[in-house]
Amino acid sequence: MEQRKHWWNGKWGRLARRDVFLRTDADRWYVEQRAGGAEGASRFYHYDTLEEAEETIRALLHPADPWRELSPRPSTS
């Protein structure tokens, strides 16, 4: 699985931090919505097309937070 994009709401701490990830594997697209940092809870969405995944991402990036796009981590495979 390859991580394509990562957004962070710019807040620190378990209660405030939010992350959204876009990943792909073969011809499937995955969106992860994470609350609480690395140890937090995640919700996963699966899509057949990039357009469907991007639509969900737009809905998840709530405008009240100063979302920042972060560089994806290099693949280790």
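1. Pro-63 is exposed in this predicted model, with a relative accessible area of 77%. Since the threshold for exposed is over 50%, the value of 77% places Pro-63 in that class. The residue sits in the loop that joins H1 to S5. Its C-alpha atom is 21 Å from that of Phe-44, and the two residues are 19 positions apart in sequence.

2. A second loop residue, Ala-26, is found between S2 and S3. Its phi angle is near 60 degrees, a positive value in a residue other than glycine. Ala-26 has a relative accessible area of 78% and is therefore exposed.

3. As for the fold as a whole, the protein has one helix and five strands. Read from the N terminus, the order of elements is β-β-β-β-α-β. The helix thus follows four strands and precedes one.

4. On overall dimensions, the radius of gyration of the protein is 12 Å. A compact globule of 77 residues would have a value near 11 Å, so the model agrees with that expectation. Along the principal axes, the C-alpha atoms occupy a box of roughly 35 × 30 × 20 Å.

5. On burial and surface, 36% of the 77 residues count as buried. The exposed area of the protein is about 5500 Å², of which carbon and sulfur atoms supply 49%. Of the contacts between residues at least 6 apart in sequence, 31% join residues at least 24 apart.

6. Charged side chains number 13 positive and 13 negative. The centres of these two sets are 9 Å apart.

7. In soluble globular proteins, nonpolar side chains tend to be buried together. The largest nonpolar core here has eleven residues: Trp-7, Val-20, Leu-22, Trp-29, Val-31, Tyr-45, Tyr-47, Ala-53, Ile-57, Leu-60 and Trp-67. Strand S2 (18-25), strand S3 (28-35), strand S4 (41-47) and helix H1 (50-60) are the elements that each give two or more residues to this core. H1 has the largest share, with three residues.

8. Which residues does Trp-67 contact, leaving aside its neighbours within four places in sequence? They are Trp-7, Trp-8, Asn-9, Arg-18, Asp-19, Val-20, Leu-60, Leu-61 and His-62. Trp-67 is itself a member of the core, as are Trp-7, Val-20 and Leu-60.

9. Glu-2 belongs to strand S1 (residues 2-8). Its relative accessible area is 40%, so Glu-2 is classed as partly exposed. Beyond its neighbours within four places in sequence, Glu-2 is in contact with Leu-22, Arg-23 and Thr-24. The C-alpha atoms of Glu-2 and Leu-22 are 8.7 Å apart, with their positions 20 residues apart in sequence. Leu-22 is one of the core residues.

10. Arg-4 is also in strand S1. With a relative accessible area of 38%, Arg-4 is partly exposed. The C-alpha atom of Arg-4 is separated by 17 Å from that of Arg-43, a residue 39 positions away along the chain.

11. Is Ser-71 buried or exposed? Ser-71 counts as exposed because its relative accessibility is 65%, and the class begins over 50%. Ser-71 is placed in the segment after strand S5 (68-70). Although Ser-71 and Trp-7 are 64 residues apart in sequence, their C-alpha atoms are 8.7 Å apart in space. Trp-7 is a member of the largest nonpolar core.

How values were computed
Residues are numbered from 1 along each chain as its sequence is written. This is a predicted model: local features need pLDDT of at least 70, side-chain atom pairs count only at pLDDT 80 or more; totals for chains, interfaces and linings use all residues. Side-chain values use heavy atoms; hydrogens and water are left out. The radius of gyration is taken over C-alpha atoms; the globule rule is 2.2 Å times the number of residues to the power 0.38. Buried means under 20% relative accessible area, exposed over 50%, partly exposed in between (1.4 Å probe, protein chains only). Contact means heavy atoms within 4.5 Å. Accessible areas come from the Shrake-Rupley method with a 1.4 Å probe; for residues, only the protein chains shown count as cover. Lys and Arg count as positive and Asp and Glu as negative; His and the chain ends are not counted. The place of a charge is taken as NZ of Lys, CZ of Arg, CG of Asp or CD of Glu. A nonpolar core is a set of buried Ala, Val, Leu, Ile, Met, Phe, Trp, Tyr and Cys residues joined through side-chain atoms within 4.5 Å.
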